[in-house]
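Welcome, and please open the structure in your viewer with the sequence panel beside it. We will go from one selection to the next, with a short note on what to look for at each stop.

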Amino acid sequence: MTRLVLAALIAPMTAMADQGCGLGEVARFQTAVAQPAEEATPAYMQRTAETFISHCPERFETREAHLIAARGAMDAGRPSEAVGHFEGAVSRGAWLSPVQRLDQSVALMAAGDPREAIEVRNLAVGAWMEKLAAEGRANFDIRKSRGGVIVAVRFLQQDGGATVNALWLAVPDGPGMPAAAVLRPDQMRASLRALRTGRETAALTILEQRTCRSAKILRETAQPAAIESFDRAASEAMRDYLRKPEGLTRTAPGEPLASCLTPELMFHIPEQGH
């Protein structure tokens with residue numbers, strides 16, 4: 001996942017020159033990140049980004065450098081440093097994706113700031129909903145529940161190209177990570193079932209609970225079924241989760257912070273054209 005984040009961050013950027021730090025410095029920084037001369041450890045990525053920030057503090061590209069440094073600090077188990085770099089990126093106008101906001105929330109919790117962690121986690125949820133609403137890709141139903149809120153989302157794309165049909169996102173009122181019940185087709189399980197039974201592959205739909213640290217199947221069916229028929233099981237699972245939400249998973253000093261393993265499912269955004 002770290003490589004994907006870095007690849008996105010070092011994509012070609014429009015440069016804005018300022019005195020004392022030009023395109024050459026930017027190019028050398030991007031090369032050092034994309035094609036490191038030594039092992040690209042978290043410490044190396046953080047050090048390389050921080051060096052660029054120190055030498056070129058006024059350049060537009062420092063916002064991306066702060067995000068690279070924040071990721072490196074998280075992977076090196078340095079929450080306070082990660083918090084500082086997330087704040088540096090935002091102060092320079094960076095737009096953080098919902099997944100990046102969730103990472104920021106983890107860093108804040110690990111750094112001992114639960115109140116700010118809650119606010120940032122909620123910003124992640126809000127940014128995700130705003131993006132879906134702006135693109136007209138989903139319908140929402142926000143339900144208050146004991147211990148938090150459940151956001152029921154039905155994606156408008158329902159043909160064979162959809163990777164997620166619906167989800168129910170549980171957001172705790174207090175400290176804690178979100179979780180989701182995700183309704184999606186599962187081609188891999190369908191293929192394995194066909195191999196096991198000797199029958200032709202048939203469509204298989206699963207409802208699974210996804211937390212930051214675990215996944216389990218709540219229901220599966222090979223028969224056509226309306227999304228509404230999954231609502232009760234999904235809502236009950238999310239209400240149960242909100243009674244005892246997952247908190248921060250502690251790691252030993254110097255070990256990577258335990259950020260969410262599959263945030264792209266909890267904060268699913270359909271691909272363009274779907």
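## Stop 1: helix 4

Helix 4 is mostly covered, with 14 of its 14 residues buried. Buried here means under 20% relative accessible area, exposed means over 50%, and partly exposed is in between (1.4 Å probe, protein chains only). Helices (H or I, at least four residues) and strands (E, at least two) are DSSP runs, numbered from the N terminus.

Before you select anything else, two notes on reading this tour. This is a predicted model, in which local features need pLDDT of at least 70 and side-chain atom pairs count only at pLDDT 80 or more, while totals for chains, interfaces and linings use all residues. Residues are numbered from 1 along each chain as its sequence is written, and side-chain values use heavy atoms, with hydrogens and water left out.

Now pick the two end C-alpha atoms of helix 4: they are 20 Å apart, which agrees with the 20 Å that its 14 residues should span at 1.5 Å a residue. The expected span is 1.5 Å times one less than the number of residues.

Next, select Arg-71, which has its place in helix 4 (residues 62-75). Is Arg-71 buried or exposed? Arg-71 counts as buried because its relative accessible area is 7%. Show its side chain together with that of Asp-75, and you will find a polar contact of 2.9 Å joining the two. A polar contact is a pair of N or O atoms within 3.5 Å; within protein, one must be able to donate a hydrogen and the other to accept it, and residues adjacent in sequence count only if both atoms are side-chain atoms.

Step just past helix 4 to Gly-77, where phi is positive, at about 75°.

## Stop 2: the aromatic pairs

How many aromatic pairs does a search of the whole structure find? The search finds two. Rings of Phe, Tyr and Trp (its six-membered ring) pair if their centres lie within 6.5 Å; planes under 30 degrees apart count as stacked, over 60 as edge-to-face and the rest as tilted.

Select Phe-29 and Phe-52 for a stacked pair, 4.4 Å centre to centre with 10° between the planes. Phe-29 is in helix 2 (residues 23-34) and Phe-52 in helix 3 (residues 42-55), so this pair ties together parts that are 23 residues apart in sequence. Both Phe-29 and Phe-52 are buried.

Then move to Trp-128 and Phe-267, a tilted pair at 5.7 Å centre to centre and 45° between the planes. Trp-128 belongs to helix 7 (residues 114-134) and Phe-267 to the segment after helix 10 (263-266), so the pair ties together parts that are 139 residues apart in sequence. Trp-128 and Phe-267 are both buried.

## Stop 3: the disulfides

Display the cysteine sulfurs. A search of the whole structure finds two disulfides, each a pair of cysteine sulfur atoms within 2.5 Å.

One joins Cys-21 to Cys-56, with an S to S distance of 1.8 Å. Its link is right-handed, with 70° about the S-S bond. Cys-21 sits in the loop between helix 1 (2-9) and helix 2, and Cys-56 in the loop between helix 3 and helix 4, so the pair ties together parts that are 35 residues apart in sequence. Cys-21 is buried at a relative accessible area of 3%, and Cys-56 is buried at 3%.

Another disulfide joins Cys-212 to Cys-260, S to S 1.6 Å. Here Cys-212 lies in the loop between strand 5 (205-210) and strand 6 (215-221), while Cys-260 lies in the loop between helix 9 (231-243) and helix 10, 48 residues apart. Cys-212 is buried at 2% relative accessible area, and Cys-260 counts as buried at 4%.

## Stop 4: the hairpin and beyond

Select strand 5 and strand 6, which form a hairpin with four residues between them. They run antiparallel and are joined by six bridges; two strands pair if DSSP finds at least two bridges between them. For one bridge, look at Ile-206, whose partner in strand 6 is Glu-220.

Continue to Glu-228, in the loop between strand 6 and helix 9. Glu-228 counts as exposed because its relative accessibility is 52%. Add Arg-154: the side chains of Glu-228 and Arg-154 make a polar contact of 2.7 Å. Their C-alpha atoms are separated by 9.8 Å, though the residues are 74 apart along the chain.

For a last selection, show Arg-219 and Phe-230. The charged end of Arg-219 sits over the ring of Phe-230, 4.2 Å from the ring centre. A charge sits over a ring if NZ of Lys or CZ of Arg is within 6 Å of the ring centre and within 35 degrees of the ring normal.
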